[in-house]
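Visitor: I've just opened this one and I'm new to it. Please walk me through it, a bit at a time.

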Amino acid sequence: MSSEAPWHAAFPAPKSVAPSISREEFLQWIREGKQTGKDFVLIDLRRNDYEGGTIQGSLNLPAQSLYPTIPTLYSLVSNSSAKSVIWYCGSSAGRGTRAAGWFADYLEAKNDTEIKSLVLTGGIKGWAAAGTEYIALMDGYDASVWTK
């Protein structure tokens, strides 16, 4: 067993617990014509496990290097028309919730109640397992990764 501290130990624990958005609700946003970059920003937090595809329109900002870039990300989002930042990783149970919490903390510090920080429930694993309607909205989908 390694005695090395986890990557996130170098950063403060988030104070906020960001709300979730289900993949069904997010799919509905897409069906309604909401667009990445215009209505929301979608962030894939994977680094070493970045394989098998990503949801169309996602930015890959690995969680391990995210914390110091939150002010820049906030500047970009707050100067756009996007009102939601949606975070996901493999399952959205670790990196996804942590990153969404950090961003929610930053929004609170800025007294910004217009932008929402949301966690995509189930992450990319849940998205890829949800069926063809979801897979059709992935770039670089590789079925062999999801059937391991």
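**A pocket, a sheet and two cores**

Visitor: Which element gives the largest share of the lining of the largest pocket?

Guide: That's α3, with 5 residues of the lining. Keep in mind that we're looking at a predicted model.

Visitor: Okay. What volume does the largest pocket have?

Guide: About 230 Å³. The elements giving two or more residues to its lining are α2, residues 70–78, and α3, residues 95–109.

Visitor: And which residues line it?

Guide: From the earlier part of the chain you get P12, A13, K15 and S16, then Y67, I70 and P71. The rest of the lining is W102, D105, Y106, E108 and A109.

Visitor: How do those divide into nonpolar, polar and charged?

Guide: There are 8 nonpolar residues, 1 polar and 3 charged.

Visitor: Let's switch to the sheet. In what order do the strands come?

Guide: The order is β1-β6-β5-β2-β4, so read it across the sheet rather than along the chain. It's an open sheet of 5 strands, and the pairing is parallel.

Visitor: Which strands stand at the edges?

Guide: β1 (20–21) and β4 (58–60) do. Each has a single partner strand, so one side of each has no neighbour in the sheet.

Visitor: How many bridges does β4 have with β2?

Guide: 3, with the two strands parallel. β2 covers residues 40–44, and its L42 has S58 in β4 as bridge partner.

Visitor: And at the other edge, how many bridges join β1 to β6?

Guide: 2 bridges, again parallel. There, I21 stands opposite L120 of β6.

Visitor: Is β6 largely enclosed or left open, and why?

Guide: Largely enclosed by the rest of the structure, because 4 of its 5 residues, within 116–120, are buried. β6 also pairs with β5, in the parallel sense, over 4 bridges. One pair to look for is V85 with its bridge partner S117 in β6.

Visitor: What else does V85 touch, leaving out residues up to four places away in sequence?

Guide: Quite a list: V41, I43, V77, F103, I115, K116 and L118, along with S117. V85 is also one of the residues with the most contacts inside the largest nonpolar core, together with L45, W87 and F103.

Visitor: How many residues does that largest nonpolar core have?

Guide: 21. The elements that give two or more residues to this core are β2, α2, β5 (84–88) and α3. α3 gives the most, with 5 residues.

Visitor: Which residues belong to the other core that lies apart from it?

Guide: That one has 17 residues, including L42, I55, Y134 and L137. L42 is the residue we met as the partner of S58 in β4.

Visitor: Back to the helices. Is G101 buried or exposed?

Guide: Buried, at a relative accessible area of 0%. G101 lies in helix α3. Setting aside neighbours within four places in sequence, it is in contact with P14, S16 and A18.

Visitor: How far apart are G101 and Y134?

Guide: 26 Å in space, from C-alpha to C-alpha, and 33 residues in sequence.

Visitor: Now L76: buried or exposed, and why?

Guide: L76 counts as exposed, because its relative accessibility is 59% and the cut-off for exposed is over 50%. You'll find L76 in helix α2. Its C-alpha atom is separated by 16 Å from that of A100, which is 24 residues away along the chain.

Visitor: Last topic, the loops. What phi does S92 have?

Guide: A positive one, about 65°, although S92 is not a glycine. Most residues other than glycine have a negative phi. S92 is in the loop between β5 and α3.

Visitor: And N111, what phi does that have?

Guide: Also positive, about 55°, and N111 isn't a glycine. Its loop is the one between α3 and β6.

Visitor: Is S92 buried or exposed? And N111, buried or exposed?

Guide: S92 counts as buried, at 6% relative accessibility. N111 is exposed, with a relative accessible area of 68%.

Methods: Residues numbered from 1 in each chain as written. Predicted model: local features only at pLDDT ≥ 70, side-chain atom pairs only at ≥ 80, totals over all residues. Heavy atoms only, no water. 1 Å grid on protein atoms, 1.4 Å probe; cavity = no way out; pocket = protein on both sides within 12 Å on 5 of 7 lines; lining within 4 Å. Points joined across faces, edges and corners; volume = space filled by probe spheres on them. Nonpolar A, V, L, I, M, F, W, Y, C, P; charged D, E, K, R; others polar. Pairing = 2+ DSSP bridges. Core = buried A, V, L, I, M, F, W, Y, C linked by side-chain atoms within 4.5 Å. Buried < 20%, exposed > 50% of the residue type's maximum accessible area, 1.4 Å probe, protein only. Contact = heavy atoms within 4.5 Å.
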